[in-house]
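Open the model in your viewer and keep the selection tool at hand. We will go from stop to stop, and at each one I will say what to pick and what is there.

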Amino acid sequence: MESLIVKLAKDFADSEVAPLAEKIDREDWYPRELIGRMGEIGLLDPLHHGVPLAEAMFSLLQIARRSGSVALLQDVQGELVNAPLRLFLGDRYSDLLEDMASGKKIGSFALSETCCGSDASSIRTRAFRDGGVWRISGEKMWITQGLYADFFLVVARTGDLKERSKNISIFLVPRSSCVKAEKVEVQGNRGTGTARITFEDCEVEASHVIEKGWEAVKYALAIGRIAISSIALGLALGAMEEALVWAKEREAFGKKLIEYQGLQWWFSESYADLLALKSMLQVTCDEFQRSWKEAEPFVSALKLKASNSAHRIIDRMLQVMGGMGYAKGSRVERAYRDVRLTRIGEGTDEIQRMILFRYVENKHLL
Ligand SMILES: Cc1cc2nc3c(=O)[nH]c(=O)nc-3n(C[C@H](O)[C@H](O)[C@H](O)COP(=O)(O)OP(=O)(O)OC[C@H]3O[C@@H](n4cnc5c(N)ncnc54)[C@H](O)[C@@H]3O)c2cc1C
């Protein structure tokens, strides 16, 4: 049975996200007011309101059904930024957590750099202590909401590059004149304010730091990977819904498309994938809540399977719709571009395979 929050997300997605989804994509338009609206009704960061992880993720799936872009903004705001802030800085930041959850403030998670996305522990952004404060300089790439963020969780190195993840901390850097943002135009998930961000000698108070921050980076990426898997599922579901309506209406060779068994089986296969992934999402959320560190293989397996299966489902649905699925204005066409990110962002397919192989190698099978 659907929980109240999932029903709320579904209704909200249909009534308030769907009418804006095409404008967000075509005009690369950042939906600032919609974010505030999601904050008002508790959908911007359900975890902040005590919603269990699985329910929060099934709500996100419903948003992604209508817009991958809006879902990605929720993922950044709630999972990549607020979740690690809550766990690692906690009560000291209750006002900021509340402002983020309500959409009054916008935050970005700034890890990736031009030099290194997958190999994140070799980032070059530097932080050093200067009396009672820290000073940060460096350049971050691909930062979602970077054009609009009020503050950034900046992952930076406090010592020698040779030490890799051992000397990495996270700094809470407010937007000010030391921060420069440059728009980066992307294929899908448009309207999410993707940017290259330069920090030029930004001063950060000592209390605004998560020291020995690699654990917090891993936590953010783990919960973010669950979120992006939910987005992949939602995009696939949205594409199936649209293609099914089309197949029931469209005629070819004197029959509705849906009457052809070849097409029926595409829907059956896709439905089986959706159900399998839904179960996997539930189990992964349960494992994560039990012990987020021990949930690592579940998270990587979910991300790999969800993004690739969603990719395949959406490709099938585009084929069902023929030229209409390739044309601008269809949900399927948008989902086809949006879903591609789910195999790259928050750790590529290859990075998930690398993580999984560590378990295979150490005979941590079932
Ligand atoms: C739209 C968008 C939004 C994003 N938002 C954010 C954000 O908000 N914050 C943030 O910090 N980052 C963000 N990213 C960055 C994203 O996380 C990185 O793009 C991703 O981690 C991959 O890094 P890369 O692009 O540098 O690719 P690379 O690391 O250069 O990888 C290139 C290819 O090589 C493969 N590869 C790398 N190492 C290995 C290996 N050891 N074995 C096999 N294959 C390997 C990769 O899998 C990939 O296929 C975003 C990216 C995009 C496109």
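Select Glu 251 to begin: this residue is exposed, because only 9 other C-beta atoms lie within 10 Å (buried takes 20 or more other C-beta atoms within 10 Å of a residue's own, exposed 12 or fewer, partly exposed is in between, and C-beta atoms are placed from the backbone). Glu 251 sits in strand 9, residues 251–252. Helices (H or I, at least four residues) and strands (E, at least two) are DSSP runs, numbered from the N terminus. Now add Cys 285, 34 residues away along the chain, and you will find 42 Å between the two C-alpha atoms.

Before moving on, note that this is a predicted model, in which local features need pLDDT of at least 70 and side-chain atom pairs count only at pLDDT 80 or more, while totals for chains, interfaces and linings use all residues. Residue numbers start from 1 along each chain as its sequence is written.

Next, pick helix 8, residues 296–321. Its 26 residues should span 38 Å at 1.5 Å a residue, and the end C-alpha atoms are 37 Å apart, which agrees; the expected span is 1.5 Å times one less than the number of residues. Just after helix 8 comes Gly 322, with a positive phi near 55 degrees.

Two further stops also have positive phi. Most residues other than glycine have a negative phi. Glu 346 is not a glycine, yet its phi is near 60 degrees. Look for Glu 346 in the loop between helix 10 (331–341) and helix 11. Is Glu 346 buried or exposed? Glu 346 counts as buried, because it has 26 C-beta neighbours inside 10 Å. Then jump to Asp 201, another non-glycine residue with positive phi, about 55 degrees. Asp 201 belongs to strand 7, residues 195–205, and is exposed, with 9 other C-beta atoms within 10 Å.

Stay with strand 7 and add strand 3: the two run antiparallel and are joined by eight bridges. Two strands pair if DSSP finds at least two bridges between them. Along this pairing, Val 133 faces Glu 205 of strand 7.

Now bring in strand 2, residues 126–130, which pairs with strand 3 in the antiparallel sense over five bridges. Phe 128 has Arg 135 of strand 3 as its bridge partner, and Arg 129 stands opposite Trp 134 in strand 3. The hairpin of strand 2 and strand 3 has two residues between the strands, and Gly 131 there takes a positive phi near 65 degrees.

Finally, show the ligand. Which residues come nearest to the ligand? Of the 23 residues around the ligand, Leu 111, Gly 117, Ser 118, Thr 348 and Glu 350 do; a residue is near a molecule if its C-beta atom, placed from the backbone, lies within 6 Å of it. Color strand 1 (107–110), strand 3 (133–143) and helix 11 (349–361), since each of them supplies at least two shell residues. Domain 2 (107–212) and domain 3 (215–361) both contribute to the shell, so the ligand lies between them; these bounds come from an automatic or database domain assignment.
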